[in-house]
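Trainee: I should like to go through this structure with you and examine the grounds for each term we apply to it. May I begin with the interior?

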Amino acid sequence: MKIQVLGCCKEYPGFSTTAFLLNNHLLLDAGDMGEVSFKAQISHILISHSHFDHINGLPFLGEIIVGKNQSPIPIIGPAQVLECLHDHIFNNKIWPDLFQLPLDGPVFQFQEISPDKIFSAGEFQITSFPMSHSVPSTGYVICEKDKALLYSADTDSVEELIPIIKRVKEINAILLEISFPKRLKNLAKQTGHLTPDCLEKFLKKTGGNIPLLIFHMKPLYVNEIIEECKQFAPIVKMVQKGEILFI
Ligand SMILES: [Zn+2]
Ligand SMILES: [Zn+2]
């Protein structure tokens, strides 16, 4: 499975909001996509939650592909995501309703998912599960052939991941959010995010042999977070914008 890191931090010079492209066509969260918006043949878009840093690329992606695509691109996520996209972005005030427009073939269509039900997106078999965040947030297990990627989405707890790891036979990598350094643990908790405090216990519980790919670092604290994660290298590593990983 190919994982292209389009964005993995909040908006800041040199960083981009959260978006990953899997096997060149499945978009996992829709933050900044850069040139990929123009080049990639995106077939499915999987959204974890409604926060702006996970959806801000959608309006511009829609603008680029309007009139070009043969059939609507499915945006896959829990019902709450659709509600927010519809009410606050594609409401014909902030942006045209691309779930309705153009009238002869809308750009997007919404595909609602229910937790724990397996669904397909191209060659991928995907399961969703709820995470703990300041708004409803959905994690995903994304499988292709014998490979499996676990995506934590935004969360302030890793406990939800443990039963998933036990249930799925082999997870090849975990994309885990860490947003703040340890000294800002309270702020992290208040805003529904993780700090490196979670790592030691989590690695013990999961056997310490599944690569943890850290994303969602707040740009101002990247260096601090890197420093605090160093002791867990190489099993714990930060992903970087532009990086291409294979699992
Ligand atoms: Zn969030
Ligand atoms: Zn976020």
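Mentor: Please do, bearing in mind that this is a predicted model. The largest nonpolar core has 66 residues, and those touching the most other members are Ile-45, Ile-142, Leu-149, Leu-213 and Ile-214.

Trainee: What makes these residues members of a nonpolar core?

Mentor: Membership requires a buried residue of a listed nonpolar type, such as Ile or Leu, joined to others through C-beta atoms within 7 Å. Leu-149 illustrates the contacts: beyond its neighbours within four places in sequence, Leu-149 is in contact with Met-1, Ile-3, Ile-142, Asn-172, Ala-173, Leu-175 and Ile-247.

Trainee: Why is Ile-3 classed as buried or exposed?

Mentor: The cut-off for a buried residue is 20 or more other C-beta atoms within 10 Å. Ile-3 has 20 C-beta neighbours inside 10 Å and therefore counts as buried. Ile-3 lies in strand 1, residues 2-7. Setting aside residues up to four places away in sequence, Ile-3 touches Phe-20, Leu-22, Leu-149, Leu-245 and Ile-247. Ile-3 and Leu-245 are 242 residues apart in sequence, yet their C-alpha atoms are 5.0 Å apart in space.

Trainee: How many of the contacts in the protein join residues at least 24 apart?

Mentor: Among contacts between residues at least 6 apart in sequence, the share is 56%. Buried residues, for their part, make up 42% of the 247 residues.

Trainee: How do you know whether the radius of gyration agrees with that of a compact globule?

Mentor: For 247 residues, the globule rule gives a value near 18 Å; the protein has 17 Å, so the two agree. The C-alpha trace spans about 55 × 35 × 30 Å along its principal axes.

Trainee: Which secondary-structure elements does the protein contain, and how many?

Mentor: The protein has seven helices and 14 strands. Seven strands form an open sheet in the order 6-5-4-3-2-1-14, with mixed pairing.

Trainee: What makes strand 6 and strand 14 edge strands?

Mentor: Strand 6 (108-112) and strand 14 (244-246) each pair on one side only. From one strand to the next, the twist averages 25°.

Trainee: How do you know that strand 4 and strand 5 pair?

Mentor: Pairing requires at least two bridges. Two bridges join strand 4 (residues 44-46) to strand 5 (residues 73-77), so the requirement is met, and these strands run parallel. Ile-45 stands opposite Ile-75 in strand 5.

Trainee: Which backbone features deserve comment?

Mentor: Most residues other than glycine have a negative phi, and most peptide bonds are trans. Asp-29, in strand 3 (residues 26-30), has a positive phi near 65°. Ala-153 also has a positive phi, near 60°, and is placed in the loop between strand 10 (147-151) and helix 4 (161-167).

Trainee: Why are Asp-29 and Ala-153 called buried?

Mentor: Asp-29 has 29 other C-beta atoms within 10 Å, which meets the cut-off of 20 or more, so Asp-29 is buried. Ala-153 has 26 C-beta neighbours inside 10 Å and therefore also counts as buried.

Trainee: Where are the prolines that follow cis peptide bonds, Pro-102 and Pro-234?

Mentor: Pro-102 is in the loop between helix 3 (79-89) and strand 6; the cis bond joining Leu-101 to Pro-102 has an omega of about -10°. Pro-234 is in the loop between helix 7 (222-229) and strand 13 (236-238), and the cis bond from Ala-233 to Pro-234 has an omega near 0°.

Technical notes. Residues numbered from 1 in each chain as written. Chains lettered and ligands numbered in written order. Predicted model: local features only at pLDDT ≥ 70, side-chain atom pairs only at ≥ 80, totals over all residues. Helix = DSSP H or I, 4+ residues; strand = E, 2+ residues; numbered from the N terminus. Axes fitted to C-alpha atoms, helices over the stretch in contact; angles between N-to-C directions. Buried ≥ 20, exposed ≤ 12 C-beta atoms within 10 Å, placed from the backbone. Rg over C-alpha atoms; globule rule 2.2 N^0.38 Å. Contact = placed C-beta atoms within 7 Å.
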